[in-house]
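Hi,

Here is the structure I promised to pass on. Have a look at it first, and then read my notes below.

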Amino acid sequence: MKTKPLSLDALWQSATPQEQTFSPDDFAHLPEAARRYLDHAMAPGTKLAAAVRLKMHGEIKLKNWIPFQAEQVVCWQRGFIWSATAWMNRLPIVGSDRIIDGVGAMQWKLLGLFPVMTGTGADITRSAAGRFHTELMLLPSALCLGDVIWSSTEASHLHASFMAQGEQAELDLTIDQTGQLKAAKLPRWGNPDGAAHHYVDFGAIVEAEGTFCGYTIPTRLRVGWYFGSERFESEGEFFRATIDQAIYR
């Protein structure tokens with residue numbers, strides 16, 4: 001008997017609330033840039049959330065840019081589900097991208113009925129893990145709960161190395177003098193050029209931020225492949241999002 005995929009609500013409810021709170025003193029041993037980032041992202045005394053639930057809108061590039069509305073849960077222990085409706089020629093395409101407990105999948109249907117894009121397997125899972133690693137910028141508490149190795153060679157850049165969803169993350173963050181996040185980048189498994197899957201520079205430009213429940217996170221993002229090169233602007237960028245709401249658990 002085929003099991004029903006985990007729902008957004010079920011993933012949210014499965015997150016284990018944490019009692020530990022954020023205290024800058026607990027991270028005094030970290031590089032200065034890492035302390036500055038964490039201090040900016042979380043107010044002292046804020047509970048170290050295990051999950052965030054987001055509402056967002058924006059546009060995604062298929063052949064042309066089309067609008068979408070979405071809800072997402074990012075859960076440190078289990079993964080993420082991004083559930084969205086996009087409109088192409090005024091017709092809704094409904095579906096989700098996800099990685100749960102180390103298994104990635106995507107499923108999109110026109111009018112919620114006719115399959116448009118589906119994917120499973122090792123390449124989809126590895127690529128989804130890279131997306132999960134990037135989106136932890138929306139759940140900065142995860143970088144306190146996980147076993148993260150921080151390093152920094154200059155005041156505006158820091159590197160976080162950690163394991164999550166069965167894949168090693170090598171996440172580069174660019175911050176300003178206040179600790180505000182300006183960009184995130186990592187090598188992500190994918191095939192944006194249509195060739196065999198391989199690691200490609202992937203990342204997000206942060207254009208605005210907002211504060212929710214003691215967390216200060218990006219609220220306007222431009223995301224895509226070939227990050228850091230001219231190809232990002234011309235062909236790599238495929239996702240623009242505005243975060244409208246965030247709640248933490």
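First, how much of the chain is tucked away: of its 249 residues, 49% count as buried. Please keep in mind that this is a predicted model, so treat everything here as computed from it.

**The chain as a whole**

The secondary structure comes to five helices and 13 strands. The radius of gyration is 18 Å, close to the 18 Å that the globule rule gives for 249 residues, so the chain is as compact as a globular protein of that length. If you want a feel for the dimensions, the C-alpha trace spans about 55 × 45 × 30 Å along its principal axes. Taking the contacts between residues at least 6 apart in sequence, 50% join residues at least 24 apart. On the outside, the chain exposes about 12,000 Å², and carbon and sulfur atoms supply 53% of that area.

**Helix 2**

Helix 2 (32-41) is worth bringing up on your screen. Its buried residues are A33, A34, R36, Y37, L38 and A41. And what do the buried residues of helix 2 pack against? Their partners are helix 4 (142-145) together with strand 7 (149-154), strand 8 (157-164), strand 9 (167-175), strand 10 (181-190) and strand 12.

Helix 2 also turns up in the cavity search. Across the whole structure, one cavity of 30 Å³ or more was found, and about 70 Å³ of space lies in it. Y37, H40 and A41 are part of its lining, along with M137, G179, L181, V206, E209, T216, I217 and P218. Helix 2, strand 11 (198-212) and strand 12 (215-225) each supply at least two of the lining residues. By class, the lining divides into seven nonpolar residues, three polar and one charged. Y37 and A41 therefore appear twice in this story: they are buried residues of helix 2, and they also line the cavity.

**Two pockets**

Next, the open spaces. The largest pocket has a volume of about 1,200 Å³. Of the 50 residues that line it, I60, D97, M106, M117 and F238 are the closest to its centre. Which element gives the most to this lining? That is helix 3 (residues 122-135), with seven residues. The lining of the largest pocket has 31 nonpolar residues, nine polar and ten charged.

The second largest pocket has a volume of about 640 Å³. Its lining is made of 25 residues, and those nearest its centre are P5, S96, R98, A105 and Q107. Strand 3 (79-88), strand 4 (91-100), strand 5 (103-110) and strand 6 (114-120) each supply at least two residues of that lining. Strand 5 has the largest share, at six residues. Here the classes come out as nine nonpolar, eleven polar and five charged.

**Some loop residues to look at**

Two backbone angles caught my eye. Most residues other than glycine have a negative phi. D101, which is not a glycine, has a positive phi of about 50°. Q165 is not a glycine either, and its phi is positive too, at about 55°. D101 lies in the loop between strand 4 and strand 5, while Q165 lies in the loop between strand 8 and strand 9. Are they buried or exposed? D101 is partly exposed, with a relative accessible area of 48%. Q165 has a relative accessible area of 13%, under the 20% cut-off, so it counts as buried.

The last one is T46, in the loop between helix 2 and strand 1 (51-61). At 10% relative accessibility, T46 counts as buried, because the cut-off for that is under 20%. Which residues is T46 in contact with, leaving aside its neighbours within four places in sequence? They are Q20, T21 and F22, plus C213, G214 and Y215. T46 and Q20 are 26 residues apart in sequence, and their C-alpha atoms are 8.5 Å apart in space.

That's what I have for now. Shout if anything is unclear once you have it open.

Cheers

Definitions and conventions
Residues numbered from 1 in each chain as written. Predicted model: local features only at pLDDT ≥ 70, side-chain atom pairs only at ≥ 80, totals over all residues. Heavy atoms only, no water. 1 Å grid on protein atoms, 1.4 Å probe; cavity = no way out; pocket = protein on both sides within 12 Å on 5 of 7 lines; lining within 4 Å. Points joined across faces, edges and corners; volume = space filled by probe spheres on them. Helix = DSSP H or I, 4+ residues; strand = E, 2+ residues; numbered from the N terminus. Nonpolar A, V, L, I, M, F, W, Y, C, P; charged D, E, K, R; others polar. Rg over C-alpha atoms; globule rule 2.2 N^0.38 Å. Buried < 20%, exposed > 50% of the residue type's maximum accessible area, 1.4 Å probe, protein only. Contact = heavy atoms within 4.5 Å. Areas by Shrake-Rupley, 256 points an atom, 1.4 Å probe, with all protein chains shown as cover.
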